[in-house]
Amino acid sequence: MNEPETNPQGNNPMTRTVQSTQSEMTEIILPNDTNTLGNLLGGRLMHFIDLTGAMAAYRHSRTHVVTAAMDHIDFIRPVRLGDLLTLKSSVNRAFTSSMETGVKVWAENMRTGGVVHVASAYLVFVAVDEHGRLQKVPQLVPETPDEVRRFADALRRRQHRERESARRKEERLVTAALEDQTDPSR
Ligand SMILES: CC(C)(COP(=O)(O)OP(=O)(O)OC[C@H]1O[C@@H](n2cnc3c(N)ncnc32)[C@H](O)[C@@H]1OP(=O)(O)O)[C@@H](O)C(=O)NCCC(=O)NCCS
């Protein structure tokens with residue numbers, strides 16, 4: 001007999017807990033993932049981070065999500081061929097259609113069993129329907145002191161992203177105006 005589906009929060013609740021968004025992915029690092037020194041490629045790690053972040057956003061929104069932004073990532077230590085990579089994610093805060101997720105990555109040396117933190121990142125995902133139209137997402141309810149801190153920090157990061165985005169837009173306009181002035185063919 002099939003097991004009944006367990007979904008205590010339902011598909012479309014008004015709110016969700018951080019715990020209900022928690023996601024995890026494990027990968028063994030193979031030769032195709034590495035550079036000529038046998039270290040995990042940065043782009044490959046970003047791909048794993050994107051996927052793990054998307055899992056948490058998907059669990060929160062229960063609809064399609066697209067990556068809108070990936071913040072600055074520090075590659076703290078190299079990950080070696082044969083290491084076991086573990087990535088954990090959860091939603092830090094939900095806004096209207098967007099969600100900030102945090103992803104933390106550890107590498108385990110398969111021979112020694114030593115585990116080290118190798119990278120962390122924040123990503124913003126936007127919920128859309130199958131036609132790409134923005135979808136409202138449930139609000140996130142932080143429960144623990146750490147969740148409350150991340151919730152508050154996520155708003156500060158959003159405000160910072162908005163300021164940076166406005167600054168870049170302004171720079172593009174100035175550059176375009178200067179190019180128009182100096183290019184006689186325009
Ligand atoms: C992300 C995307 C859907 C936003 O669409 P848009 O028409 O610009 O939407 P809006 O400006 O109305 O913003 C919608 C939400 O996205 C957020 N957003 C848009 N651009 C963002 C960015 N660069 N960084 C962070 N958040 C962003 C807004 O803050 C807003 O959030 P809110 O609804 O919670 O307030 C659109 O830019 C897109 O499709 N981008 C390409 C995504 C993609 O292909 N990703 C890689 C592959 S998955």
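User: Let's start with Val91. Which residues does Val91 touch, leaving out those up to four places away in sequence?

Analyst: This is a predicted model, so read contacts as computed from it. Val91 touches Val18, Thr21, Ala56, Ala57, His60, Met99, Thr101 and Leu140, once residues up to four places away in sequence are set aside.

User: And how do I place that in the nonpolar core? Which residues have the most contacts inside the largest one?

Analyst: The largest nonpolar core has 31 residues, and Val91 is among those with the most contacts inside it, along with Ile49, Ala57, Val79, Leu85, Val105 and Phe125. Elements giving two or more residues to this core are α1 (42–61), β5 (84–94), β6 (98–108) and β7. With 9 residues, β7 gives the most.

User: OK, β7 then. How do I read a strand like that?

Analyst: The general idea: in a regular strand the side chains alternate between the two faces of the sheet. Now the case here. β6 and β7 run antiparallel, joined by 11 bridges, and Ser98 stands opposite Val126 in β7. The two strands form a hairpin with 6 residues between them, and Gly113 in the turn has a positive phi of about 80°.

User: Which sense does the pairing of β3 and β7 take, parallel or antiparallel?

Analyst: Antiparallel, over 6 bridges. His64 stands opposite Val128 in β7. Strand β4 (residues 74–75) is also joined to β7, by 2 bridges and again antiparallel; there, Asp74 has Ser120 as its bridge partner.

User: Now the ligand. How many residues surround it, and which are the closest?

Analyst: There are 14 around the ligand, the closest being Ala69, Phe95, Thr96, Ser97 and Ser98. β3 (64–70), β7 (115–128) and α2 each give two or more residues to that shell, and the largest share, 4 residues, comes from β3. By type, the shell divides into 8 nonpolar, 5 polar and 1 charged.

User: α2 turned up there. How do I check a helix for straightness of span?

Analyst: First the general bit: an α-helix has 3.6 residues a turn, so residues three or four places apart point the same way. For α2 (residues 145–182), 38 residues at 1.5 Å each should span 56 Å, and the end C-alpha atoms are 56 Å apart, so the two agree.

User: Is α2 well covered or hardly covered?

Analyst: Hardly: the count of buried residues among its 38 is 2. Across the chain, 27% of the 186 residues count as buried.

User: And how do the elements run from the N terminus on?

Analyst: As β-β-α-β-β-β-β-β-β-α, which comes to 2 helices and 8 strands.

Note on methods: Residues numbered from 1 in each chain as written. Predicted model: local features only at pLDDT ≥ 70, side-chain atom pairs only at ≥ 80, totals over all residues. Expected span 1.5 Å × (residues − 1). Buried ≥ 20, exposed ≤ 12 C-beta atoms within 10 Å, placed from the backbone. Near = placed C-beta within 6 Å. Nonpolar A, V, L, I, M, F, W, Y, C, P; charged D, E, K, R; others polar. Core = buried A, V, L, I, M, F, W, Y, C linked by C-beta atoms within 7 Å. Contact = placed C-beta atoms within 7 Å. Pairing = 2+ DSSP bridges.
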